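Visitor: I'm new to reading protein models and would like a tour. Could you take my questions one at a time?

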Amino acid sequence: MRQADGVTAVAAQATVRRDDASSLRVPAPAGPVGATPAPAPGAAMGLCALLAAVADRHPARIAFVDQASKPAWCGRPAIAWTYAAAREIVARLAEGLSQLRLPPRSPVGLCMAGMAEAHLAFLAIEQAGHVPCPLPVTWDEDRLLQGIEAAQILAVLTQGVLGAERPAEKLCRVAVRYFPLRFIAAFGPHVPDGVLGLDQVVLDHRGDAGALGTGPAAGLVTFALPGGGPGAGGPPPEPAGIPVPVRREAEALTAAAAACLVPLRIEPGERILSLLPPSDLKGLATGLTAALLAGATLECHPVFDAGALSAALDQPVATHLIAPAWMEAGFSRTSVPGRLRTLAYVHRAPCRLSARLPGRAGIVDVVAFDEVALLCGRRDAQDVGLVLAAPERAASERAGLIQLRRDPDGRLSFRGPACESRMLRRGITLEENQDDWALTRFRASLFAGVATAIAEV
C-alpha cells in the first residue's frame with residue numbers, strides 16, 4: 001500500500017460505531033435549523049462534539065465531499081466521507097498529534113486548501129487538546145512567518161502539493177527562520193524529508209472514536225489583515241497589513257455559525273457548497289461549522305473550475321452555495337441561482353453594497369468585519385443594508401447571538417456570543433472590550449435610509 005493512500009484505505013475500512021451518546025450534548029442554533037440536541041450546562045462545545053453527535057445518529061450521512069478535480073491540483077483522490085468514517089480518521093489523527101508531546105492548548109497551524117483532509121485536520125487538532133490556527137495556503141513565506149510568530153505556533157499541518165506550489169517545502173523554509181516551530185506534518189504526495197507524513201500517521205494510530213468531542217475544546221485563532229479596500233469588478237486585493245491573530249473560544253465560533261444558519265435555512269442532510277477558503281471566520285462559520293451544526297454535507301471547491309462546479313450543481317441534492325460577493329455579476333448571467341436552495345454572497349468590509357443586483361428569493365448577504373463579526377441577512381426585510389442603517393430591525397431570533405450598534409458618526413460595534421473575540425500579542429490575549437461592545441474600524445454610509453457601503457473610519 002502506498003503511503004499517500006493511507007487515509008483512503010482507513011476510510012474504506014472504518015466501522016460504523018453506535019456509541020451511547022446520552023451524556024453528550026452539543027450546541028444548537030437559534031430556531032429549528034440544526035439536527036443536534038439542545039446543549040446542557042457545562043457540556044463540551046467544540047466541533048468534534050457536533051461531528052460525533054451526527055455520526056451517532058446518522059453514521060452513513062455524507063459529511064465531506066471533495067472537489068471532483070482534486071487529483072489534478074494536489075495528487076490526492078477525491079473522496080466522499082461519511083460522518084462515521086470522518087470520526088474514525090479524526091480520532092486517528094488526534095492520537096498521532098498527541099504523540100508529539102506538545103504542551104496542552106498549544107497553537108497548531110493549519111495551512112491547507114479547502115479539501116476534506118483540511119477539515120479532518122482541524123477537528124483532529126481540537127480533539128488533541130490544541131488550538132487550531134488556520135493559515136491561508138496562499139500566503140508567501142514572509143507573511144507565514146509573521147503569522148506563525150505572532151500566534152506563537154509550535155507545529156503546522158499542511159500538504160505536499162497544491163498545483164505548482166509545494167506548501168510543505170515552503171513551511172520548512174519558514175521553520176528555518178523561526179526556531180520555536182518544532183514540527184511540520186503534511187499529507188502527501190511529495191512530503192519532504194524531515195516532515196511527518198500524515199497519511200502514515202493515520203495508518204499507524206488507532207484513536208478512540210467513541211470519545212470524540214467529550215473533552216473541552218480549546219478554541220481557535222484566526223488572522224485579521226488590516227487595510228484593503230473593495231475590488232473593481234473582480235476579487236478584492238488582499239490587505240497588505242501584518243497579520244493580527246484573533247483568539248476565539250469554540251462556543252463563539254459555533255454561535256457565529258448559528259447566526260448564519262438563521263437566514264441560510266440549511267436543513268439536515270442538505271449540502272453546503274463553498275467557494276471560500278476555510279482559513280478565517282467567514283470561511284469556517286459558513287462552511288465547516290455550519291455543516292456540522294446543521295448535520296449537513298460540506299463540499300468545498302478551493303480551485304475554481306467552472307466544469308466541476310456545474311457538475312456539482314447538477315447533483316440531485318438541495319444545495320446552498322457560499323460564494324465571494326465579487327462573483328455575483330457573473331453568476332447573475334448564468335442559470336446557477338435557479339439551481340440552488342440558497343445563494344450566499346460573502347462580502348469583506350470595506351465594501352460597496354449599492355452594486356448588489358436584484359435577485360430571486362433565497363439570496364443571502366454575509367458581511368465580514370475583520371475577524372470580529374459576521375452580519376447575515378436575506379434580501380428582504382432583513383437585508384443587511386437595512387439592518388446596518390437601523391440596527392433595531394435585526395431579527396429577534398438572533399438577538400441572543402449578535403447585536404449591532406451604530407454610533408452617531410456611523411461607526412459600527414458588535415456584541416454577543418457570536419462575536420466574542422480577543423486580540424493576541426505574542427500569545428497573550430488582550431482584553432480590549434471592557435463594555436462588551438467590540439468596536440470595529442468601519443462605519444456605514446447611508447442613503448435614503450439604506451446602507452450603501454461600509455467604509456473605514
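Guide: Sure! One term before we start: helices (H or I, at least four residues) and strands (E, at least two) are DSSP runs, numbered from the N terminus. Also, keep in mind that this is a predicted model.

Visitor: Okay, then where does Arg-101 lie?
Guide: Look for a stretch that joins a helix to a strand. The helix is α4 (83-98), and the strand is β3 (107-111). Arg-101 sits in the loop between α4 and β3.

Visitor: Is Arg-101 buried or exposed?
Guide: The cut-off to know is that exposed means over 50% relative accessible area. Arg-101 has 63% relative accessibility, so this residue counts as exposed. Its phi, by the way, is near 60 degrees, a positive value in a residue other than glycine. For Arg-101, then, the word is exposed.

Visitor: How many helices and strands are there in the chain?
Guide: The chain has 457 residues, and 59% of them count as buried. Its secondary structure comes to 14 helices and 22 strands.

Visitor: How many residues of helix α2 are buried?
Guide: Helix α2 covers residues 47-57, which makes 11 residues. The buried ones include Leu-47, Leu-50, Val-54 and Asp-56, and they pack against α4, α5, α9 (250-264) and α11 (288-294). The helix is largely enclosed by the rest of the structure, because its buried residues number 10.

Visitor: Which strands are at the edges of the open sheet that has the order β4-β3-β5-β6-β7?
Guide: This sheet has 5 strands, and the pairing is parallel. An edge strand pairs on one side only, and that picks out β4 (131-134) and β7 (196-197).

Visitor: What does Ala-185 stand opposite in β7?
Guide: Start from strand β6, residues 183-187. β6 and β7 pair in the parallel sense over 2 bridges. Across from Ala-185 you'll find Leu-196.

Visitor: And which residue does a cis peptide bond join to Gly-188?
Guide: Follow the chain into the loop between β6 and β7, where Pro-189 has its place. The cis bond has an omega of about 10 degrees. The partner of Gly-188 in that bond is Pro-189.

Visitor: Where is the place of Pro-350?
Guide: Another cis peptide bond joins Ala-349 and Pro-350, with omega at about 5 degrees. Pro-350 belongs to the loop between β13 and β14 (351-352).

Visitor: How many residues of strand β15 are buried?
Guide: Strand β15 runs over residues 363-369 and is mostly covered. Ile-363, Asp-365, Val-367 and Phe-369 point one way, while Val-364, Val-366 and Ala-368 point the other way, and all are buried. The buried count is 7 of 7.

Visitor: In which sense does β15 pair with β16?
Guide: Compare its pairing with strand β13 (residues 342-348), which is in the parallel sense over 6 bridges. With strand β16 (residues 373-378) there are also 6 bridges, and one of the pairs is Ala-368 with Leu-374. β15 and β16 form a hairpin with 3 residues between them. The sense of the β15 and β16 pairing is antiparallel.

Visitor: What is the relative accessible area of Asp-370?
Guide: Asp-370 is in the loop between β15 and β16, and its phi is near 50 degrees. Buried would mean under 20%. Asp-370 is partly exposed, at 21%.

Visitor: Which residue in β11 is the bridge partner of Ile-272?
Guide: Ile-272 belongs to strand β10 (residues 271-274), where Arg-271 and Leu-273 on one side and Ile-272 and Ser-274 on the other are all buried. 4 bridges join β10 to strand β11 (residues 297-300), and the two run parallel. The partner of Ile-272 is Leu-298.

Visitor: Which helix gives the most to the lining of the second largest cavity?
Guide: There are 3 cavities of 30 Å³ or more, and about 80 Å³ of space lies in the second largest. Its lining divides into 9 nonpolar residues, 2 polar and no charged. Among the lining residues are Ala-118, His-119 and Phe-122. With 3 residues, the helix that gives the most is α5.

Notes: Residues are numbered from 1 along each chain as its sequence is written. This is a predicted model: local features need pLDDT of at least 70, side-chain atom pairs count only at pLDDT 80 or more; totals for chains, interfaces and linings use all residues. Side-chain values use heavy atoms; hydrogens and water are left out. On a 1 Å grid over the protein atoms alone, a cavity is a set of points where a 1.4 Å probe fits but cannot get out, and a pocket is an open set with protein on both sides within 12 Å along at least five of seven lines; lining residues have an atom within 4 Å of a point. Grid points are joined across faces, edges and corners, and a volume is the space filled by probe spheres set on the points. Ala, Val, Leu, Ile, Met, Phe, Trp, Tyr, Cys and Pro count as nonpolar, Asp, Glu, Lys and Arg as charged, and the others, Gly among them, as polar. Buried means under 20% relative accessible area, exposed over 50%, partly exposed in between (1.4 Å probe, protein chains only). Two strands pair if DSSP finds at least two bridges between them. Contact means heavy atoms within 4.5 Å.
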